[in-house]
Amino acid sequence: MNEWVNGPGVALTLSLVAAMPVTPAGAQSRAIEFPDVGGYRTLAVDLHTHSVFSDGSVWPVIRVQESERDGVALLAVTEHLEYQPRAADIPNPDRNRAFAVAAEYAGAEAPGVIVVNGAEISRDMPPGHCNAVFLSDANALLRDDVMEVFEEANRQDAFVFWNHPNWIPQRRDGVARLTDMHRGLIADGLLHGIEVANAHVYSAEALQIALDYDLAILGVSDIHGLVDWEYDVHGGGHRTVTLVLAEERTAESIREALHANRTAAWKDNELIGREEVVVPLLEASLRVLDVRVRRGSVLTVTLVNRSGASFNLLSVGPQRFYDRGAVVNVGPYETVAVSVTGENRADFELSFAVLNALVAPETHPTLQIAVEVPE
Ligand SMILES: [Zn+2]
Ligand SMILES: [Zn+2]
């Protein structure tokens, strides 16, 4: 989809532009959508969810149905291993059962959603809570020694990450900090990612830890109730997810992308990740649709947003605008026209700091948009 949008600065004939719809087919849907980049599929995945099999309040089938609506390509079922407050009502001793229920439903009714098995290793700090996903048997993780749990998860080729590292019950100041146990797990290759965003919570320190220790940057819903209510989906909200740049829409490709750190967290309309992931996503999302002379030598540049994100841009280049100050907001799938003053005789670049994106703590990426001046 969106194949009709050409690269930055590519001049389209004006009659063609006028005839084309500005809004792609998926624009009215709630699905989380970003354009593909660099030969990769851009996929939304949710690696942290609960159902009534631990402390969630819905049957696992609902998780699949929500994922289908949200355009979530891969859903991990990650019940707490050590916390089963509903065991009196749902006394199933098989820790793979929630996954089995979800996977069976997806296989029959929602083939677009890949369901993978997982578990939440729920311990005091350290290590706090950690998820293992792509498990083959969650029951084998029921061990007293937490180091043995990490080793068993890795024996199963799981992708393992640290959950909500700044969770106030375990970090009363809300600041994520590594312990020697975490450093050891990372050094031994047993811990592969970190939640930089868990539901509506963000951790700048977790982002820095991910950058310093080469961990995957993750966003997760950690949903216990209903996505629609927790995230006000009908009011324009979206669940927190990880965007993954995967070669294919398969579990194996997504696992490879996670281990290769081709990820970004997408939380409350904030895009958080490594510069080499976030900037291509921004470049693919925001394109020049049209450049024309407004009057005199003032040019009107029309930008189109090909994603479901709303971008908040601050012009940081030398250009000044005829129709506004330095702030440009572009809603999901919207176009916005900005008029650039000056002589504008040679091609130039617009430079924007993307204020709702982060590539390091307090660091917004800069997006360069090439503009070709019409003859
Ligand atoms: Zn937890
Ligand atoms: Zn959880």
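Exposed here means a relative accessible area over 50%, buried means under 20%, and partly exposed lies in between. With that in hand, welcome to a few close-ups of this predicted model.

**View 1. A helical salt bridge joins Arg 155 and Glu 152.** The closest N and O atoms of this pair are 3.0 Å apart. Both residues sit in helix H4 (residues 146–155), three residues apart, which is about one turn of the helix. Arg 155 has a relative accessibility of 58% and therefore counts as exposed, whereas Glu 152, at 10%, counts as buried.

**View 2. Arg 143 pairs with Glu 148.** Here the closest N and O atoms are 3.2 Å apart. Arg 143 is partly exposed, its relative accessible area being 30%. Glu 148 is partly exposed too, with a value of 33%.

**View 3. Asp 70 and Arg 239 meet in a salt bridge.** Their closest N and O atoms are 2.8 Å apart. Asp 70 belongs to helix H2 (residues 60–70) and Arg 239 to the loop between helix H7 (227–230) and strand S9 (241–246), so the contact ties together parts that are 169 residues apart in sequence. How accessible are the two partners, buried or exposed? Asp 70 counts as buried at 3% relative accessibility, and Arg 239 counts as buried at 1%. Step back a little and both residues turn out to be part of a salt-bridge network that links Arg 30, Asp 46, Asp 70, Asp 228 and Arg 239. Across the model, the salt bridges number 18.

**View 4. Three protein residues hold the zinc ion (ligand 1).** The protein donors are Glu 120 (OE), His 129 (ND1) and His 164 (NE2), at 2.0 to 2.2 Å from the ion. Along the chain, the donors follow the spacing E-x8-H-x34-H. Glu 120 and His 129 are both buried.

**View 5. Glu 120 coordinates two zinc ions.** What distance separates the zinc ion (ligand 1) from the zinc ion (ligand 2)? They are 3.6 Å apart, with Glu 120 coordinating both.

**View 6. Negative charges gather on the surface.** The patch consists of Asp 144, Asp 145, Glu 151 and Asp 188. For one of these residues, Asp 188, the place is the loop between helix H5 (180–187) and strand S6 (193–198). Asp 188 has a relative accessible area of 56%, so this residue is exposed.

Definitions and conventions:
Residues are numbered from 1 along each chain as its sequence is written. Chains are lettered from A and ligands numbered from 1 in the order in which they are written. This is a predicted model: local features need pLDDT of at least 70, side-chain atom pairs count only at pLDDT 80 or more; totals for chains, interfaces and linings use all residues. Side-chain values use heavy atoms; hydrogens and water are left out. Donors are N, O and S atoms within 2.8 Å of the metal (3.2 Å for Na, K and Ca); water is not among the atoms, so sites may look incomplete. Buried means under 20% relative accessible area, exposed over 50%, partly exposed in between (1.4 Å probe, protein chains only). Patches are made of residues with over 30% relative accessible area and no salt bridge: like charges are joined within 9 Å, nonpolar side chains (Val, Leu, Ile, Met, Phe, Trp, Tyr) within 5 Å. Accessible areas come from the Shrake-Rupley method with a 1.4 Å probe; for residues, only the protein chains shown count as cover. A salt bridge is a side-chain nitrogen of Lys or Arg within 4 Å of a carboxyl oxygen of Asp or Glu. Lys and Arg count as positive and Asp and Glu as negative; His and the chain ends are not counted. The place of a charge is taken as NZ of Lys, CZ of Arg, CG of Asp or CD of Glu. Helices (H or I, at least four residues) and strands (E, at least two) are DSSP runs, numbered from the N terminus.
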